[in-house]
Amino acid sequence: MLHPDRLFPADPTIRAIARRLYEGVRDLPIVSPHGHTDPRWFAENSPFDNPATLFVVPDHYIFRMLYSQGVRLEDLGLRRLDGGPSERDPRKIWRRFAENYHLFRGTPTRLWLDHSFETLFGVTEPLSAANADSSFDVIDAALKTPAFRPRALFERFGIEAIATTESPLDSLKWHAMIRESGWKGRVITAYRPDPVVDPDFVGFGANVRAFGELTGEDTLSWPGYLAAHRKRRAFFKTFGATSSDHGHPSAATADLAAHEAEALFRRVLADAPSPADKELFRAQMLTEMAAMSVDDGLVMQIHPGSLRNHNPTLAAAFGRDTGHDIPTRTDYVRALKPLLDRFGNDADLTIVLFTLDETSYSRELAPLAGHYPALKLGPAWWFFDSPEGMMRFRELTTETAGFYNTVGFNDDTRAFPSIPARHDVARRVDCAYLANLVATHRLGEDEAREVAHDLAYSLAKKAYKL
Ligand SMILES: [Zn+2]
């Protein structure tokens, strides 16, 4: 399934250059500064249960596609919030997935899965109804062996460092267990405060109270609430955190006077705050987080522009992160101005911007990152974490922001076995892009080789202080 020239340009001259560049980066260690793997895997190092719960049940790329073609989420093993029946038999879930595998033709999911199945399990034919049972058996048997335990895979994948993402309310007990185990794999956390920052987050009020109990601060007062963040960020840093992450519906920022921010905080904690106040509070908090980053050095990531829970029926039945978050148009130039007016010129601060609105790359993001010392561009994200999405990212940003205002690749995934595949796709696409610059005599091959190395490895380490 894996052609050695996959994703390289079809033109033989350019393809030869891409091959040479790729040779130099293919085997570099994986640096994964942002993602959603479960630290419990590495803490307990227990075998993964079975092929279905490893590949199908947790992967919203997979079940959203199947859902779009009429497969019920219950039949893929997703748990209903009301406790209603859902499929428990992993083999049946796997069969449904395998018989629908053709739906993934042309998608990055297909590339990632084929790569995992072939390189990890020796499966050499695309999944289908015909091989559903045999592929299940092969993968299931492998998962029961020591070589497929989480830590063994971590080492086999050549992961130099990986960041998970936790709420401020998380005890980080799995990270503590990893550290106490003496295992040398570098698994660090990242501070994602949305549950206590976003008034639209389910349970926001209760979360803010729990935040107070956890930190011993009066989080119902504005100064106490900010102090709790500072404490928790420091605690996260003791578990290796080098970054925070903010998943807001927009990139809005605000810089209110302290007494205005305090009044706003009281309003969002009261019953039924207005949508405008909720948005203004998220906006103010991005600037507050930037201020804390100036002090404690955490790199700030902003992942805006996802309209979460677009499908209320699914949200009610299955909860959040179940495949119906949809990108929206996103403004950056005006939205970020209050934050940038205060911190944009700070070269010691790093704010990594992501987008789900590709029209913003050349119009807004590349000009912003190509000017403000505090800004860097995160890689193509989520719906654009794909060969074409990555190529469009380079084509639309490099001329204005160059390579060195970008931060390398993020796999941003909870699908652990797909991590090598995702980094490999990014390395191949970047080499393809660079090969074209070399072939059109805009960049020497020696320089392209250096850039390829930076994009695959060094930039992520540098930007995220790893
Ligand atoms: Zn993420």
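In this predicted model, a zinc ion is coordinated at 2.1 Å by three residues, namely His34 and His36, each through its NE2 atom, and Asp412 through OD. Along the chain, the donors of the zinc ion follow the spacing H-x1-H-x375-D. His34 belongs to the loop between strand E1 (30-32) and helix H2 (39-44), whereas Asp412 belongs to the loop between helix H18 (387-401) and helix H19 (419-439), so this pair ties together parts of the chain that are 378 residues apart in sequence. Both of these residues, His34 and Asp412, are buried.

Strand E1, which precedes the loop of His34, is also part of an open sheet of 3 strands, arranged in the order E1-E2-E3 with parallel pairing. The edges of this sheet are formed by E1 and by strand E3 (187-188), each of which pairs on one side only. Between E1 and strand E2 (residues 159-163), which run parallel, there are 3 bridges; Ile30 has Ile159 of E2 as its bridge partner, and Val31 stands opposite Ala161 of the E2 strand. On the other pairing, E2 and E3 are joined in the parallel sense over 2 bridges, and here Ala163 stands opposite Ile188 in E3. As a general point, the strands of a sheet pair through backbone hydrogen bonds, in either a parallel or an antiparallel manner. Of the 5 residues of E2, 4 are buried, so this strand is largely enclosed by the rest of the structure.

Helix H19, which follows the loop of Asp412, lies across E1 and E2 and runs at about 100° to E1. The helix also contributes to the nonpolar interior: the largest nonpolar core has 97 residues, and those with the most contacts inside it are Tyr225, Phe281 and Leu434. The largest share of this core, 10 residues, is supplied by H19. When residues up to four places away in sequence are not counted, Leu434 touches Leu21, Phe403, Leu443, Ala448, Val451, Ala452 and Leu455. Apart from this core lies another, made up of 48 residues, among them Ile93, Phe117, Ile139 and Phe148.

A further open sheet is formed by 4 strands in the order E4-E5-E8-E9, and its pairing is parallel. At its edges stand strand E4 (243-246) and strand E9 (375-377), each with a single partner strand, so one side of each is left without a neighbour in the sheet. From one strand to the next, the twist of this sheet averages 25°. Strand E5 (residues 299-302) and strand E8 (residues 351-353) pair in the parallel sense over 3 bridges, with Gln301 standing opposite Val352 in E8. Helix H14 (residues 275-296) packs on this sheet, where it touches E4 and E5, and the direction of the helix makes about 160° with that of E5.

Note on methods. Residues are numbered from 1 along each chain as its sequence is written. This is a predicted model: local features need pLDDT of at least 70, side-chain atom pairs count only at pLDDT 80 or more; totals for chains, interfaces and linings use all residues. Side-chain values use heavy atoms; hydrogens and water are left out. Donors are N, O and S atoms within 2.8 Å of the metal (3.2 Å for Na, K and Ca); water is not among the atoms, so sites may look incomplete. Buried means under 20% relative accessible area, exposed over 50%, partly exposed in between (1.4 Å probe, protein chains only). A nonpolar core is a set of buried Ala, Val, Leu, Ile, Met, Phe, Trp, Tyr and Cys residues joined through side-chain atoms within 4.5 Å. Contact means heavy atoms within 4.5 Å. Two strands pair if DSSP finds at least two bridges between them. Axes are lines fitted to C-alpha atoms, for helices over the stretch in contact, and angles run from 0 to 180 degrees between N-to-C directions.
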